[in-house]
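User: Hi! Could you walk me through this one? I'd like to start with how its contacts are spread along the chain.
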Amino acid sequence: MQDTLRRRWRNSLIFALLQLPLVWLIALRYVPYLAIPDDAMGVAYLILTWIGHFGMLVLIAWLPLGLLSLVLKARWLWLPAALLGALGLCALLLDTVVYAQYRFHVNYFMISLFLNDKNGEIFSFTTSTWLVVTGCVLVALALEGWLAQRVISGGRGRRLPVGAACGVVLLTLVGSHALHIVADARYMRSVTQQVGVYPLLFPTTAKDFMADHGWLDPRAARAAKANIEAQQAQNLDWPKNPLSCQPDDAANVMVVLIDSWRADEYGPQNTPNLYAALNENGRRYLNHYSGGNATRNGAMSLFYGLTGNYYAYLDDTQTPPLLITQLQEQDYSLGIFSSASLSSVGFDRTIFSSVESLRMDTQGDSPATRDRQMTEDWIHWLDRQERQDATPWFGMLFYDAPHGYDVPADADQPFQPSVQDMDYLELGPDTDPVPYFNRHRNAVHYDDELLGRVIDDLKAKGEWDETLLVVTSDHGQSFNDFDKNYWGHNGHFASPQTRVPMLVNGPGVASGEVPGMTSHLDVAPMLMRHALGCSNPLSDYAMGKDLLKPGIDHPWVQSSSYIDYGIIEPNRITVVDGTGQWEIVDRQLDPIEDAEFSPAVFDAMQWFRKFYR
């Protein structure tokens, strides 16, 4: 038999495709964590993804063999093929073990933890476990060596329809992504909740594209799926016990978020209305951190009381926070107002997924205009509540002007010099940050004026003293603070992007300043305990503490971005990116040479899996 390049490519591809049954067999270990669908769309997606996605992974793994075929004859090619095959199967098997424990897939950080886990705090294996692992590796090497010699060197299986098999894999892969596009746009939980289980799966979405072309009415699709009685996500043990909530005297609850508001932008000059109303009589937290450096993660941590590693799963399963469902169960009227579109940040699928008649956006052609209109709409909504005597109520106001650096021309702009137009292309390492920082502070000042109207209205209606009020931000904002060319947010986990104001006022709230380290994770348990009368231990439903607990002071806090996360300690930050690469930096983002993982890192890894089954 002539040893040609075409034959080597074909035989090595046959060898790769013969891995699929072994891959599917190992992948069955993901099934206990997969919510088996009970409708046609969900079943179809399961079948298409099982064939297409794992088939795609096998074909990608074949590419190195394809390149080696250019330089190695068949009598030698079987050896790297066997090694690659065994390595791939063992990596997949290892991933199933890691996923079972932590609900995320193997990455470089997990390997580093393993190598640095000298005391067995995270990974503790018995001698029998090591023997089983060694045995599995040897069996995989023997099996792959036997198969590679027969197929690549011996030419067995040459009549198999390789082209047809690859075609089926590609068709099912395309079908899987196409089906997900439709299911995601229609809020079909039976499909979306499967996504996080599969390794290296990045599903396609096109909800905005479909809506722009008139193929989808997102409001109608969402309303049809919103359901307070929706079952909690199958793989979450959350809450660990049924909630027992009986408020003595139901207070109104109000959450005000100012997008990208930094901790150093609160005070008598920057926010005079908030300062006048809350600084003396409210409770101010001096060292408070958002659970995220971006909107989705920051707001998620506040409403759920869960860390960012749960976000993707909550989004895929469209699981609402216990805080919101408990408000609904206690018949709170919900006044949810946001300047920016709630769907643009995914709140329609997560935080407010159980709210049927959800106001998705506010009219206006700029963030500042929408902020003003939202304030007017809120006051009118509260007027109706007063006329109907509809209490208690929950209100959320989410302001957006600082995020867009938007200040109306006729607004007071006390901070100068200030740029009048934002050009992000001009920002660089040598850019003077002061005019841009001042523009942002002027936008915060503008929103403070609007909040002055909200506060005055609450007082005029006699609601001020009856409302448990939280005023904070979703995240901070950078202005090249450490001369490392960081601007905006979602870039790092140091104080400019994660440390935010936190002000609490209302019945039962003692005034004063709290110096200890606190977190957005502490907000939901505070509201559920003090406003909704939930008597469960906080460990039943939250990863934070009660924000009103005397002497509260975390030794470390956690914050997430869309794909990265940071463990923030008083003197350093451990940063882990989406690929598992990690580094340890000081609070000014300078790398700490030869730093080892602190006990906080090992504590966090145990903490992250608290509510997974």
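Analyst: Happy to. This is a predicted model. Counting contacts between residues at least 6 apart in sequence, 77% join residues at least 24 apart.

User: Nice. How many helices and strands are there in the protein?
Analyst: The protein has 19 helices and 13 strands.

User: And the overall dimensions, what box do the C-alpha atoms fill?
Analyst: Along the principal axes, that box is roughly 90 × 55 × 50 Å. The radius of gyration is 27 Å, which agrees with the value near 25 Å for a compact globule of 613 residues.

User: How much of the protein counts as buried?
Analyst: Of the 613 residues, 56% do. As for the outside, the accessible surface comes to about 26300 Å², and carbon and sulfur atoms account for 55% of that.

User: Let's zoom in on helix H18. Why is it described as largely enclosed?
Analyst: H18 spans residues 523-530, and six of its eight residues are buried, so the rest of the structure largely encloses it.

User: Which residues of H18 are buried?
Analyst: They are Val523, Ala524, Pro525, Met526, Leu527 and Met528.

User: And what do those pack against?
Analyst: Both helices and strands. The helices are H12 (295-304) and H14 (322-329). The strands are E1 (252-258), E5 (467-472), E8 (502-505) and E9 (512-519).

User: Switching topic: how many positive and negative side chains are there?
Analyst: There are 45 positive and 68 negative ones. The centres of the two sets lie 14 Å apart.

Conventions: Residues are numbered from 1 along each chain as its sequence is written. This is a predicted model: local features need pLDDT of at least 70, side-chain atom pairs count only at pLDDT 80 or more; totals for chains, interfaces and linings use all residues. Side-chain values use heavy atoms; hydrogens and water are left out. Helices (H or I, at least four residues) and strands (E, at least two) are DSSP runs, numbered from the N terminus. The radius of gyration is taken over C-alpha atoms; the globule rule is 2.2 Å times the number of residues to the power 0.38. Buried means under 20% relative accessible area, exposed over 50%, partly exposed in between (1.4 Å probe, protein chains only). Contact means heavy atoms within 4.5 Å. Accessible areas come from the Shrake-Rupley method with a 1.4 Å probe; for residues, only the protein chains shown count as cover. Lys and Arg count as positive and Asp and Glu as negative; His and the chain ends are not counted. The place of a charge is taken as NZ of Lys, CZ of Arg, CG of Asp or CD of Glu.
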